[in-house]
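Me: I would like to go through the reasoning behind the labels used for a protein model, one label at a time. Please set each value against its cut-off before you conclude.

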Amino acid sequence: MTTPSISPKITLCTALFKFGHYFKKVFPDNFNKVLSGYPNINFSICIFGGDDDTEKWLKDSYGGHIGDRITLIVQDNEFFRMSEAKNIAHFGATGDFLMNCDGDNILTKDYLEDLICEVEENANQRVVIRPKTRIRGRVGMFKADFEKLGGYNAAIGHYWSDDRDLYNRAKADGLKTVLLGYKYGMERLDNSAEQHINYEPRK
């Protein structure tokens, strides 16, 4: 596999299905953080079969960035399967390295900088990046490897099982595991203090 040797472009890929209520709470700060300090990071967002106003909200609020820092894909399909929506966001992404980013994820400065460091250091390697313990939606690899593996298994409908399956197939195909961050890889929008474990910055 040929990968960029300097500053690979990273795309954070998000699949949404009637999840706008949570997404709209975290995306403004996430986007502003990325826009102001991380020019090599962009977003790929797939809105899949939902009937909320997230598409309109994104176009009204971030229309000037769609096609540049934001790739927006809308699929009008009432039959929703998370793994299929994730594939649409990933295959439509423009970055060299793809990291899944759930709609309720809060991007921290430490997380973004650690992710960039690991991607740059492994730019000529075949790697899969994941959290230290449970994956839960936080798994990433270079786009060439994602495409080689065929993306997520669209037959898997259970949340997080598709991430584990993708990770296991990546390992079986020879990708080296790189562990990043704390338990969940990035913070989540959640009322449980237990799930807001402090991020462990890269040493």
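Reply: What follows takes up the labels in turn, for a model that is predicted.

Me: What makes up the protein chain in terms of helices and strands, and what share of its residues is buried?

Reply: The protein chain holds 6 helices and 9 strands, and buried residues make up 51% of its 203 residues. About 9,200 Å² of the protein chain is exposed, with carbon and sulfur atoms supplying 48% of that area.

Me: Why is the pair of Phe27 and Trp57 called edge-to-face?

Reply: The structure holds 12 aromatic pairs, and in the one formed by Phe27 and Trp57 the centres lie 6.5 Å apart with 75 degrees between the planes. Rings pair if their centres lie within 6.5 Å, and planes over 60 degrees apart count as edge-to-face, so the pair of Phe27 and Trp57 earns that label. Because Phe27 lies in helix α1 (residues 20-37) and Trp57 in helix α2 (residues 54-62), the pair ties together parts that are 30 residues apart in sequence, and both Phe27 and Trp57 are buried.

Me: How do you know that Phe31 and Tyr62 form an edge-to-face pair?

Reply: Their ring centres are 5.1 Å apart, within the 6.5 Å limit, and their planes stand at 70 degrees, over the 60 that is needed, so the pair is edge-to-face. Phe31 belongs to helix α1 and Tyr62 to helix α2, so this pair ties together parts that are 31 residues apart in sequence. Ring pairs also link Phe23, Phe27, Phe31, Phe43, Trp57 and Tyr62 into a cluster.

Me: Why do Phe31 and Tyr62 count as buried?

Reply: Buried means under 20% relative accessible area. Phe31 has a relative accessibility of 2%, so Phe31 counts as buried, and Tyr62, with a relative accessible area of 9%, is therefore buried by the cut-off as well.

Me: Why is Ser44 called buried, and what does its side chain reach?

Reply: Ser44, which lies in strand β2 (residues 41-48), has a relative accessible area of 0%, and because the cut-off is under 20%, Ser44 is buried. The side chain of Ser44 reaches the backbone oxygen of Ala89 at 2.6 Å, and since a polar contact requires N or O atoms within 3.5 Å, that distance falls inside the limit. Leaving aside residues up to four places away in sequence, Ser44 touches several residues, including Cys13, Ile73, Ala89 and Ala93.

Me: What makes helix α3 largely enclosed by the rest of the structure?

Reply: Of the 10 residues of helix α3 (residues 82-91), 8 are buried, so the helix is largely enclosed by the rest of the structure. Among them are Met82, Lys86, Ala89 and His90, and the buried residues of α3 pack against β1, β2, β3 (70-75), β4, α5 (143-149) and α6 (161-172).

Me: How do you know that strand β4 pairs with β1 and with β7?

Reply: Two strands pair if there are at least two bridges between them. Strand β1 (residues 10-16) is joined to β4 by 4 bridges, the two running parallel, while 3 bridges join β4 to strand β7 (residues 140-142), which run antiparallel, so both sets of bridges satisfy the requirement. The bridge partner of Cys13 in β4 is Asn100, and that of Phe97 in β7 is Phe142.

Me: What makes Arg130 count as a charge over the ring of Tyr167?

Reply: Arg130 lies over the face of Tyr167 at 4.9 Å from the ring centre, and because the limit for such a charge is within 6 Å, the distance meets it.

Terms used
Residues are numbered from 1 along each chain as its sequence is written. This is a predicted model: local features need pLDDT of at least 70, side-chain atom pairs count only at pLDDT 80 or more; totals for chains, interfaces and linings use all residues. Side-chain values use heavy atoms; hydrogens and water are left out. Rings of Phe, Tyr and Trp (its six-membered ring) pair if their centres lie within 6.5 Å; planes under 30 degrees apart count as stacked, over 60 as edge-to-face and the rest as tilted. Buried means under 20% relative accessible area, exposed over 50%, partly exposed in between (1.4 Å probe, protein chains only). A charge sits over a ring if NZ of Lys or CZ of Arg is within 6 Å of the ring centre and within 35 degrees of the ring normal. Accessible areas come from the Shrake-Rupley method with a 1.4 Å probe; for residues, only the protein chains shown count as cover. A polar contact is a pair of N or O atoms within 3.5 Å; within protein, one must be able to donate a hydrogen and the other to accept it, and residues adjacent in sequence count only if both atoms are side-chain atoms. Contact means heavy atoms within 4.5 Å.
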